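Subject: A structure for you to look through

Dear colleague,

I am passing on a structure that I would like you to read alongside the notes below. Please keep it open while you go through them.

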Amino acid sequence: MILILEDCATDAELVERELRKGGIAFVANRVETEAGFTEALRKSVPDLVLADYRLGSFDGLNALALLRSSCPDVPFVLISGVAGEELAIEALTKGAADYVLKDRIYRLVPAVKQALELAERRRAERAARETERKFFALTETLPAVVFVHQEGKFLYLNPVAERILGYSSAELMAMNFWDVIHPHHRDLVRARGLARQRGGDVPARYEFPIVTRGGEIRWLDCTATQVEFDGKPAILGSAFDVTDQRRVEEALRASKERFASFMQHLPGASWMKDLAGRYVYANETAEKILHTALGELLGRRDDEIFPTPTAALFQANDRLAAGGKCVESIEPLPQADGLHHSIVRRFPIPGKDGTPVLLGGVAFDITEQLRAEEALRQSERRFRLLVEAVPDFIFRLREDGAILDFKAPKDADLSAETKAQLGKALLELAPSRLVEPTRYYLEETLQAGEVHSFEFQFPFRQQMRDFEARVTVCGAKEVLAIVRDVTERKRLEAEVIEISARERRRIGHDLHDGLGQYLAGIAVKAKLLEEDLQSSPHRAAVKKLVGLLNNAVRQARSLARGLDPVELESSGLVPALQILARETEDLFHVSCDLACVPGAAPVSRFVGLQLYRIAQEGINNAVKHGRPKRIEIRLATDPAHVRLRIKDDGRGFRVEAARPAGMGLRIMQYRAHVVGGVLKIDSQLNRGTDIQCLVPLAPRSAQIEAAASTLKECS
């Protein structure tokens with residue numbers, strides 16, 4: 001639109017006609033006064049102003065001043081019929097685009113075109129400057145690296161680049177853009193950047209790591225596009241530092257992975273529901289315990305999945321949890337193999353305001369545990385019945401002797417006293433003569449961890465009775481003592497031993513009086529035959545026969561004395577052992593020494609016989625298995641006990657290996673046991689064997705006490 005300031009209509013038409021003739025298309029608005037000119041500028045900004053110089057009280061220079069104050073970019077051409085260079089210079093100086101004389105109207109079209117082109121150029125330059133100002137204002141406040149690069153070289157970088165990359169602006173401008181890229185991504189970023197500049201199809205946005213001047217690795221989210229710079233293709237881009245975001249995302253991803261792994265390996269079911277009761281999450285174990293596929297759980301309520309009674313129970317507990325409580329219960333759930341039970345905890349999951357937004361739940365299948373507990377109860381019931389049926393006293397004792405549990409045989413009629421004994425010290429309740437052996441075996445059992453047994457006498461049911469106690473470890477610093485009444489067994493054992501002794505004596509008498517006398521008679525006849533054959537060539541053979549018969553007589557008498565050591569009955573234990581030592585030397589050609597402490601106290605025939613048999617068995621074992629050169633027999637007594645010791649220097653053996661199969665060792669142990677003694681066997685390979693038997697001389701009630709204390713001294 002062209003605003004024409006002309007008070008002469010004819011001149012105005014002349015101007016319009018000249019412009020149209022020059023090929024300029026326009027719309028004209030003519031005003032004649034200052035007021036009309038001002039109103040026209042207010043309503044719309046014209047593309048061009050053509051003004052006459054003379055307008056009465058208002059002239060073209062005043063109009064130019066008004067235009068420059070309100071529309072500085074609109075071109076102004078002054079048209080006047082007055083000639084003069086001073087006017088032209090003044091008009092051009094004040095901002096007019098050109099000055100045309102009315103008598104040279106042909107210059108109007110070139111002047112208008114030139115004015116319009118100049119105005120357009122000025123507007124473009126001003127717009128470019130404004131755009132540039134806005135660009136720099138934006139890039140300098142944007143928290144991202146803004147860059148322009150061409151052929152790999154930076155042409156522009158905003159100040160944020162220095163802060164993020166650590167390089168100065170001068171250093172960056174001397175570098176290729178890929179120099180700051182991490183080596184693992186450098187080739188990729190360089191190829192994409194150069195391809196984008198050539199117009200290639202590459203992603204407009206992607207992330208890559210850079211290495212700062214300080215060596216720190218940071219990640220940038222880069223967006224770039226192709227632009228023209230100085231007439232050549234260039235790349236304009238921005239890169240946001242997303243290092244912290246990636247760390248947060250990585251931490252979140254790791255947290256999700258840990259959560260998923262935890263839920264996957266949780267040995268129980270876990271789920272979440274919304275407040276309407278619909279499942280929004282469940283782990284794999286939930287599928288197994290709830291016996292429902294995950295796809296069938298999510299988005300559905302319990303009453304849509306489970307039988308009505310089961311669903312009602314679940315929903316009732318959910319309502320309690322929704323009220324802000326943690327609910328724990330044991331809930332049944334039918335399974336393919338029967339009814340299963342789970343311990344279930346339901347709890348509210350609050351939102352930011354503290355009110356529940358979800359309901360959580362965990363469940364652990366305790367069916368096997370309940371079955372095991374029931375089996376354990378049944379086992380304990382059977383064990384209790386078995387224990388009650390055992391006709392023994394059973395004590396569970398602490399290391400200090402305190403009674404933790406006690407059970408008496410049914411026929412003992414001690415039920416009223418049982419509870420009263422709990423917590424008391426057994427050593428305080430036992431008679432003084434049993435305190436030491438009880439303490440000894442209690443300590444030995446706990447230290448060695450082996451089963452120990454001993455016998456004692458105790459008044460029970462108005463008579464002195466024999467008891468056997470077996471002690472074993474049953475827990476941390478606890479022992480179990482089983483005490484059995486062996487009075488009847490001891491009586492039967494004594495009868496068996498007496499019968500055995502009588503039978504041995506009978507066989508011994510038969511050997512001595514029968515076979516022995518018969519062999520002796522043959523030996524006498526053979527001797528007479530030898531004397532009659534003084535000059536016979538058979539005399540040597542007969543002499544040898546006499547020697548063999550005499551040896552047979554000696555062996556028969558030795559066997560007879562072994563089966564029935566008459567010296568033991570007539571003279572006592574010491575003479576019997578002396579004869580045993582001499583016969584050992586004669587028969588086996590092994591040195592056998594007997595040493596007896598003077599004044600040895602006499603022992604009963606029964607005890608003496610058992611000690612003699614122990615010595616006899618020990619010597620036989622040594623000769624048969626150990627091949628010793630020397631055997632020593634020691635017998636000593638003191639006021640409390642008698643000690644028998646058989647020691648040899650033979651090959652020895654491993655006692656623990658021989659015990660299961662060694663009949664001789666078990667017989668010796670048994671013989672010591674029946675007289676209330678203790679047998680100890682020490683043996684080492686190639687270093688001989690040492691057998692010690694300690695038999696109390698005190699009455700039967702104090703035998704174990706003395707033997708135990710003496711054994712401790714020997715050890």
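How are H2 and H3 oriented to each other, roughly parallel or roughly antiparallel? Before the answer, please note that this is a predicted model, in which local features need pLDDT of at least 70 and side-chain atom pairs count only at pLDDT 80 or more, while totals for chains, interfaces and linings use all residues. Residues are numbered from 1 along each chain as its sequence is written, and side-chain values use heavy atoms, with hydrogens and water left out.

The axes of helix H2 (residues 34–43) and helix H3 (residues 60–70) come within 11 Å and cross at roughly 20 degrees; axes are lines fitted to C-alpha atoms, for helices over the stretch in contact, and angles run from 0 to 180 degrees between N-to-C directions. H2 and H3 are therefore roughly parallel to each other, since angles under 35 degrees count as roughly parallel, over 145 as roughly antiparallel, 65 to 115 as roughly perpendicular and the rest as oblique. Helices (H or I, at least four residues) and strands (E, at least two) are DSSP runs, numbered from the N terminus. On the H2 side the contact (heavy atoms within 4.5 Å) is made by Glu34, Phe37, Thr38 and Leu41, and on the H3 side by Ala63, Leu66, Leu67 and Ser70.

A second helix pair is H20 (residues 573–588) and H21 (residues 605–626), whose axes come within 10 Å and cross at roughly 15 degrees, and H20 and H21 are therefore roughly parallel to each other. Among the residues that make this contact are Leu573 and Phe588 of H20, and Gly608 and Val623 of H21.

There is also a sheet, which is open and has five strands in the order S7-S6-S10-S9-S8, with antiparallel pairing; two strands pair if DSSP finds at least two bridges between them. At the edges are strand S7 (153–157) and strand S8 (205–211), each of which pairs on one side only. Five bridges join S6 (residues 145–150) to S10 (residues 232–241), and His149 has Ile235 of S10 as its bridge partner. Helix H5 (residues 108–141) packs on the sheet, where H5 touches S6, S7 and S10, and helix H8 (residues 183–197) packs on the sheet too, touching S6, S8, S9 and S10.

As for confidence, the protein averages a pLDDT (the predictor's confidence in each residue, from 0 to 100) of 82, and 91% of the residues score at least 70. Over residues 699–715, however, pLDDT stays under 50.

With best wishes
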